[in-house]
Amino acid sequence: MVMDPKTFGLHNVSLFDFRGLVAGVWKPAPSGKTFDVIEPSTKRILAKCADFDREAFTIAIESAHVGYQEYSSSTTAKERGAILRKWHDLIIENLEDLAIILSLENGKTLIEARGEINYAASFVSWFAEEATRAYGETIPSSYRGATVMTFREPVGVCGIITPWNFPAAMITRKVAPAFAAGCSVVIKPPSETPFSCIALSKLALQAGIPSSCIHVVPTKDREASLQLATHPKVAKLSFTGSTGVGKMLMKLCSDTMKRLSMELGGNAPVIVFQDADLDCAVEGTMISKFRSSGQTCVCANRILVHTSVLEEFTQRLIAKVERLKLGSGLSPEVTQGPLVNAAAVAKVSSHVKDALSKGGLLRTGGKVPQHLDGFFYEPTVITGATTAMEVSYDETFGPLAAIFAFDTEEEAIQLANATEYGLAGYFFSQDVNTIFRVARKLQCGMLGVNTGLISASENPFGGIKESGFGREGSRYGLSEYQYIKSVTIGNTEK
Ligand SMILES: NC(=O)c1ccc[n+]([C@@H]2O[C@H](COP(=O)([O-])OP(=O)(O)OC[C@H]3O[C@@H](n4cnc5c(N)ncnc54)[C@H](O)[C@@H]3O)[C@@H](O)[C@H]2O)c1
Ligand SMILES: O=CCCC(=O)O
């Protein structure tokens, strides 16, 4: 049975829409096809979303191609900034409704969902300002009487493919800089959580983004969405998701030489040195490990603790973990929502079983709770983790804290870097020399030192190694949607 949106307490029910936006029109799929979106905390069908085909992507891309040329040539950067400012304000005005929609489809707690909507809005206001700061340069020419200048031009139509774990923020972190630069977008939202994207897009239109510049094409048909990687009129693909899918898309994009942003998987280490402030280390580990029930790309996957503080740190961590309360994200007392689906539960379960079979010690958790209906797994702590275990080389993406012991700084750094991923890392130390030395040696794009919280619109977000490339947010995020054109003006001395 599909639930009635009116029962969720939304003020603006029109935000909860199940249609796509193609060439300026909100519509169901022409075939009438839909796919089920499941509420993870109950396993019930939340709603049926329009399921578009390949043809819809073609129409959207063609429209976006005309749209970006009109939009970029008819607006100043300041005007685009004003539209984004309005979009930001509308998101904040509708924050509670957006948070409810997000919590329903993703499962995260209402507090986390409100946090994500604020975070999503922060990218829109950030790029409202950045829009006006697309500076070019003048360069001394080696030709007499000539001057070289650079212009920053919008790349054109941008394909946007995002994951379910941040259904709102992953949209605005890409779409806001694209609009700021003068680009248009065709979005393929995640099929687990399409409704936050749809709601945000309604507000973008209301703010004044031209309808030819924003298209939302939900689908379960992966082949259809690959148009965003193959169609010659798509100039750029911005993808956030797993490394495997990122590699496949990158290969497809090579035929038409698309610009790419690849925000991929991680396997973040947390290192607790012997001189760490343990309260700070435990607090930071809790945030980094259990935010969104362990389902963020920057979540701690391996917790490396110096043997001298191992038991003290573990005891304090367990005390905090055992205070976490599982349940529906909409219940005010709940601190941990469900995982996204049955496959996510199975993966955590398999990592736990594998670790225990290889000598790990279960300290708390380790089960699927029987009293809850949704896709839940208990927050779990395992000590005695080793590099032979799956958790050491595979992203768990769930609430398993695996604790490894180390004796020397060199050993910790070697363990931390022994992964093909390089997204985030964290460490805790109170020694300034250790901080500078280790910060330089860890191989990752983002580092938290004495904190587990590194995500913010001003912070360059992105990875190295197989965690991808490109930087989102920050002063670098706008240039991902621009190309540099050099203009040489010659013979100016005549
Ligand atoms: N680096 C970052 O900024 C960042 C942020 C969030 C999530 N992630 C990563 O995303 C992963 C979790 O998200 P996920 O499970 O949604 O990832 P995913 O790669 O399975 O899916 C991401 C998107 O790609 C689509 N997709 C999946 N398979 C496809 C295929 N064969 N063809 C075309 N499209 C396809 C999905 O529908 C979704 O929209 C984790 O690895 C996480 O670390 C990275
Ligand atoms: O999951 C990855 C994105 C989360 C974040 O931006 O902090």
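Mentor: Let's start with the overall stretch: over residues 27-487 the chain is 39% helix and 21% strand, with the end C-alpha atoms 43 Å apart. Keep in mind that this is a predicted model.

Trainee: What feature does UniProt place at residues 27-487?

Mentor: The record, an unreviewed entry, puts "domain: Aldehyde dehydrogenase" there.

Trainee: Okay, on to strands. How many of the 5 residues of strand S12 (residues 268-272) are buried?

Mentor: General idea before the case: in a regular strand, side chains alternate between the two faces of the sheet. In S12, 5 of the 5 residues are buried, so the strand is largely enclosed by the rest of the structure. Split by side, Ala268, Val270 and Val272 cover one face, while Pro269 and Ile271 sit on the other.

Trainee: And which way do S12 and strand S13 (residues 300-306) run, parallel or antiparallel?

Mentor: They run parallel, joined by 5 bridges. For a spot to click on, try isoleucine 271, which stands opposite leucine 304 in S13.

Trainee: Now helices. What should the 13 residues of helix H6 (residues 195-207) span?

Mentor: The general picture is that an α-helix has 3.6 residues a turn, so residues three or four places apart point the same way. As for length, at 1.5 Å a residue H6 should span 18 Å, and its end C-alpha atoms are 18 Å apart, which agrees.

Trainee: Is H6 mostly covered or mostly uncovered?

Mentor: Mostly covered, with 10 of its 13 residues buried. Among them are Phe195, Ile198, Leu200, Lys202 and Leu203. Just past the helix comes glycine 208, whose phi is positive, near 120°.

Trainee: Let's do the ligands. Which residues surround ligand 2?

Mentor: Read a shell by its members, then by their class. Ligand 2 has Asn165, Phe166, Ala169, Thr296, Cys297, Val298, Ser455 and Phe461 around it. By class that gives 5 nonpolar, 3 polar and no charged residues.

Trainee: Why does ligand 2 lie between domain 1 (5-264 + 469-484) and domain 2 (268-456)?

Mentor: Because both domains give residues to the shell around ligand 2.

Trainee: How many residues surround ligand 1, and which are the closest?

Mentor: There are 25, the closest being Pro163, Gly241, Glu263, Gly265 and Cys297. The class count for ligand 1 is 11 nonpolar, 10 polar and 4 charged residues. Domain 1 and domain 2 each supply at least three residues to that shell. Look at Cys297 while you're there: this residue is listed around ligand 2 and is one of the closest to ligand 1.

Note on methods
Residues numbered from 1 in each chain as written. Chains lettered and ligands numbered in written order. Predicted model: local features only at pLDDT ≥ 70, side-chain atom pairs only at ≥ 80, totals over all residues. Near = placed C-beta within 6 Å. Nonpolar A, V, L, I, M, F, W, Y, C, P; charged D, E, K, R; others polar. Domains from an automatic or database assignment. Helix = DSSP H or I, 4+ residues; strand = E, 2+ residues; numbered from the N terminus. Expected span 1.5 Å × (residues − 1). Buried ≥ 20, exposed ≤ 12 C-beta atoms within 10 Å, placed from the backbone. UniProt positions renumbered as here; feature names shortened; annotations may be inferred. Pairing = 2+ DSSP bridges.
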